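Me: I have just loaded this model and would like a close look at a single part of it. Could you walk me through the ligand site and then work outward from there?

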Amino acid sequence: MVPVHVALPAGDRPLASLPAPLPLDALVPGAGPWEVELGFGKGRYLLRRATEAPERRFLGVEVVAKFQQLFAARARRRGLANWLALRGEALYLLAAVLPAGFAAAVHVYFPDPWPKERHQKRRLFDPATVDLVLGLLAPGGTLAFATDFLEYGERVAAILAGVPGLTSRRLDAWPEGPRTNYEAKYAAEGRPILRLEATLAAPAAPLHPEGAAAVLA
Ligand SMILES: C[S@@+](CC[C@H](N)C(=O)[O-])C[C@H]1O[C@@H](n2cnc3c(N)ncnc32)[C@H](O)[C@@H]1O
């Protein structure tokens, strides 16, 4: 397990000094809605959004320490106060550390597709794990997803289509153009990209039928 590391505008905190679930409103004070990005890489999208929407609050999760630190250093240099960046395994953080139902938006761009069958349980969007991701969303919240690994993208679309209360649609592009470094690179290469946007109706993400079976088995 990768040790979890918490970066905040005022400095870094060990996870052990904080209760679980994380008291997000105390760590990043304000009344603005939360947006979460899982696997933010070099943080291009998270940094842009935190800069252009100072009234909202942003939580990033990234397993690679140098990317988390790069984002934190850039956000501090810009004087941004509306963010929190966790270095750690997304599925562990979703299951054990983050509160449920707090996010107005969850962003997942070009997540690792784990193509080998035996590794697919590590996917963020597997029938057994999708509830952890959707469980972040507040009623009315949206999920944005993109991948160039089309087989995985089709599987994600099928999994989301089976979730009661979730309405998904495909997009040819985001209104503002490519959001992340991977998207910009792949779009420039002309590589096909599958993009999804899904909205969760009230009240909360129910268990996906397949996921529920896996959990209850
Ligand atoms: C293919 S890159 C995409 C980066 C960025 N989202 C983009 O679109 O440019 C996948 C990112 O997810 C991160 N990642 C992979 N597995 C992860 C996990 N279990 N928890 C958190 N982040 C993870 C990787 O370190 C990497 O930065």
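How many residues surround the ligand, and which are the closest?

Reply: Happy to. Please keep in mind that this is a predicted model. The ligand is surrounded by 18 residues, and the closest are Gly 39, Gly 41, Ala 90, Thr 180 and Tyr 182. Sorted by class, this shell holds 10 nonpolar, 4 polar and 4 charged residues. Two elements, β4 (57-62) and α7 (181-189), each bring at least two residues to the shell. Of these, α7 gives the largest share, with 3 residues.

As for where the site sits, the chain is divided into domain 1 (1-99) and domain 2 (116-132 + 146-217). Both domains give residues to the shell around the ligand, so the shell lies between them.

Let us start with Thr 180, one of the closest residues to the ligand. Thr 180 is in the loop between β8 (166-171) and α7. With 22 other C-beta atoms within 10 Å, Thr 180 is buried, since the cut-off for that class is 20 or more. Beyond its neighbours within four places in sequence, Thr 180 is in contact with Gly 41, Arg 44, Tyr 45, Tyr 109 and Phe 110. Gly 41 is also among the residues closest to the ligand. Thr 180 and Gly 41 are 139 residues apart along the chain, yet 8.5 Å separates their C-alpha atoms.

Two of those contacts of Thr 180 lead to other parts of the chain. One is Tyr 45, which is a buried residue of α2, as are Leu 46, Leu 47 and Ala 50. The buried residues of α2 pack against β3 (34-38), β4, α3 (65-77), β5 and β6. Among these partners is β4, which you have already met as a supplier of the ligand shell.

The other is Phe 110, found in the loop between β6 and α5 (130-134). Phe 110 counts as buried, with 20 C-beta neighbours inside 10 Å. Its backbone deserves a look too: phi is positive, at about 55°, although Phe 110 is not a glycine. Trp 114 belongs to the loop between β6 and α5 as well, and its phi is near 40°, again a positive value in a residue other than glycine. In burial, Trp 114 is partly exposed, with 16 other C-beta atoms within 10 Å. For context, most residues other than glycine have a negative phi, and most peptide bonds are trans. A cis peptide bond is present here as well, joining Ala 20 and Pro 21 with omega about -5°. Pro 21 is in the loop between β2 (11-14) and α1 (24-27).

Now back to the ligand and over to Ala 90, another of the closest residues. Just before it in sequence comes Glu 89, placed in the loop between β5 (83-87) and α4. Glu 89 has 17 C-beta neighbours inside 10 Å and therefore counts as partly exposed. From Glu 89 to Val 61 the separation is 28 residues in sequence and 7.8 Å in space, C-alpha to C-alpha.

The helix α4 (90-96) also takes part in the meeting of the two domains: α2 (44-52) and α4 each supply at least two residues of the side of domain 1 that touches domain 2. The largest share of that side, 4 residues, comes from α4. By class, that side has 6 nonpolar, 1 polar and 2 charged residues. The centres of domain 1 and domain 2, taken over C-alpha atoms, are 22 Å apart, and the contact takes 9 residues from domain 1 and 7 residues from domain 2.

The largest nonpolar core is a further link between the domains. This core has 54 residues, and those with the most contacts inside it are Ala 103, Val 106, Val 133, Leu 134 and Leu 136. Strand β6 (residues 103-109) gives the most to this core, with 5 residues. Domain 1 and domain 2 both give residues to the core, so it lies between them. Leaving aside neighbours within four places in sequence, Ala 103 has contacts that include Trp 34, Val 36 and Leu 136.

Finally, the whole chain: it has 8 helices and 9 strands, and 38% of its 217 residues count as buried. A compact globule with 217 residues would have a radius of gyration near 17 Å, and the chain agrees, at 17 Å.

Key
Residues numbered from 1 in each chain as written. Predicted model: local features only at pLDDT ≥ 70, side-chain atom pairs only at ≥ 80, totals over all residues. Core = buried A, V, L, I, M, F, W, Y, C linked by C-beta atoms within 7 Å. Buried ≥ 20, exposed ≤ 12 C-beta atoms within 10 Å, placed from the backbone. Domains from an automatic or database assignment. Contact = placed C-beta atoms within 7 Å. Near = placed C-beta within 6 Å. Nonpolar A, V, L, I, M, F, W, Y, C, P; charged D, E, K, R; others polar. Rg over C-alpha atoms; globule rule 2.2 N^0.38 Å.
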